[in-house]
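Here are a few short exercises to work through with the model open beside you. Try each task before you read its solution.

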Amino acid sequence: MSKFKKSFHIKGRDFIRAGEASINVQNLLKSMDFDSRLTRRVAICGYESEMNVVMHGGDGSLSVEVDTDRLILEITDDGPGIDDIDLAMQVGYSTANDDHREMGFGAGMGLPNMKKNSDRIHIESKKDQGTVVRMIFFLPEGGKTD
Amino acid sequence: MNKSQTSTCFVRFDHDLCAGHGLCLRVCPTKAIRVKNKKAVRIVDQCIGCGECIRSCREGAIRAATEGPDVLEKDHIAIALVSPVLYAQFPGVMPKDVLLGLRHMGFQHTIDMSYFLEIFQFATEEFINRNRKSQRAPWPLISPVCPVVVRLIAFQFPNLLPNVLPVLRPVALMAREVKSRLIPEYIENGKEVVLYYLNPCPTKKDPACLTSRKRPVPTEIALGINDIYPELVKHVDQIKAAGDIPFYQTRFEYETCATANASMWGMSGGEIADMDIDRSLAVSGMEETISYLEKIEMGLFQDIEYIEFRTCREGCLGGVLTAIDKYLAKGAVQKMIKRFGLGRRLHRENILRMYEKGEFQTEKKPSKLTRLFGAHKEALSLDSMQKIEKVMDLIQGTDCTACGAPDCRTFAEDVVRGGAALKECLFLRAQTKKKV
């Protein structure tokens, strides 16, 4: 069996349509028979990362790749980048501005939450050079459960 | 069933009346409808009974699979199980007078559902209070009252089944009480009993056609509120004109309705307004419900304890089988609340005793609900997913619905699953013609 890959556009600072890309990913995964706990974890990671792009990044994309043994979620954006990745991974650390906080974001839980819900997370980023977050979810044997 | 009809558990499509506009295609939340040959409507068996298609149809070709008023047979013991929405259809009339009207119509017993809604309310408060400490269920808990919401979750958001409050739904409490305490006497005496559910929407109590093919005993019939309204309104008018109505005797407390806030239950927010929960929300409307469920799935709203969902806008008052406009009904409810205030007739202690005995726990595990639909939505393999993307690349992707599917993605899925042919796509046909 071969891979399946699809990506969705994310528009920076568009809070009205924020979340659409992860909903699309979620709907795709639902038509295949993944374990519901896995799709939920993917959904949480997708949403958290999408919100990061919407808040901090410029434009970006969310892509999902399904292989026989793993599922990869990749988020890229051309935003300001992350200065200190280790610091960003800490619970409670946030660079959100007051506007974001007013909307209920900026608790500093995004990246930690993504780390918690994925099996592997890899972040590539440099200041002013955008960010790529790659999250891997290992699938049970054969890629399918139930 | 005659030949020119297709039906699901909940709705019937009349092929003779159908003009093939396909408005129903787009509103169906589970994408269960297909239009074939401009007239006939084929239904994929994914109907959750929301009634959105009925609302959308200009021709009146889609009807609820309820029975109609002529089934009320006088030689049976007819028991009306009354949704509180019925009270709101009569602005300025007390609920008890509406129930009296039903008796004049020929129902021997009238069961007021709001009594059981109150029991449910107590049980829910108790569950949430205990869950606050034990955290055995995930926040936010989702109200199980609207059966369409529960089916929508089972079908489209199975991740969220653990969030559905595991307390028996008011209708189930009501049916259990009636079957165990009211009916047995009649059945012992050889009388035939028929339960009539007076519903604001096409959804039945527990759709027999989804769970089993067996005919329930006693006979259970679903009637739309709009089915009985024309007849009932005459009786209610008579009662109103008569002025002082002599008090009539009922055996059980739930056979009449003494509180004014009963009618509030039909309104969006009516379930939680009087509930003792710190952080709760009421969401109504199909689009809003889906959007909230998507957000809960993505981990939002975990700081909320309880969400009341109704897929009909403004709640059950906006049900597709109601008789009067939802805003008029809402006005009637609000007036009633203003006049009589809120108040419960049951006592917490009694309900808590029942709660301790486990009388409100749902027997069915929520995971079983998915099996109702599981057979109809086979999972796609990686290969099929790729094929679908290929089909999507071929067709234009404008969601024109000319092929009879609700959108391009569903059409592509149908093609790969074998339910449709690629040539049914108009854009594709036009393109190939040009090339020739």
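**Exercise 1. Find out how S4(A) and strand S5 of chain A pair, and place the pair in its sheet.**

Step 1. S4(A) and strand S5 (residues 131–138) of chain A run antiparallel and are joined by six bridges. Strands count as paired if DSSP finds at least two bridges between them; strands (E, at least two residues) and helices (H or I, at least four) are DSSP runs, numbered from the N terminus.

Step 2. For one bridge, start at A:His122: its partner in S5(A) is A:Arg134.

Step 3. Now widen the view: chain A has an open sheet of five strands in the order S1-S2-S3-S5-S4, with antiparallel pairing. Its edge strands, each pairing on one side only, are strand S1 (4–10) and strand S4 (120–125) of chain A. From one strand to the next, the twist averages 10°.

A note on the conventions: this is a predicted model, in which local features need pLDDT of at least 70 and side-chain atom pairs count only at pLDDT 80 or more, while totals for chains, interfaces and linings use all residues. Residues are numbered from 1 along each chain as its sequence is written, and chains are lettered from A and ligands numbered from 1 in the order in which they are written.

**Exercise 2. Decide whether strand S6 of chain B is buried or exposed, and find its partners.**

Step 1. Six of the six residues of strand S6 (residues 77–82) of chain B are buried, so the strand is largely enclosed by the rest of the structure. Buried means that 20 or more other C-beta atoms, placed from the backbone, lie within 10 Å of the residue's own (exposed: 12 or fewer; partly exposed: in between).

Step 2. Check the faces of S6(B): B:Ile77, B:Ile79 and B:Leu81 are buried on one side, and B:Ala78, B:Ala80 and B:Val82 on the other. In a regular strand the side chains alternate between the two faces of the sheet.

Step 3. S6(B) pairs in the parallel sense with strand S9 (residues 193–199) of chain B over six bridges, and B:Val82 has B:Leu198 as its bridge partner there. Four bridges join S6(B) to strand S7 (residues 109–112) of chain B, also parallel, with B:Ala80 opposite B:Thr110.

**Exercise 3. Locate the domains of chain B.**

Solution. Chain B is divided into domain 1 (1–65), domain 2 (69–373) and domain 3 (380–436); the bounds come from an automatic or database domain assignment. The C-alpha centres of domains 1 and 3 of chain B lie 22 Å apart.

Technical notes
Axes fitted to C-alpha atoms, helices over the stretch in contact; angles between N-to-C directions.
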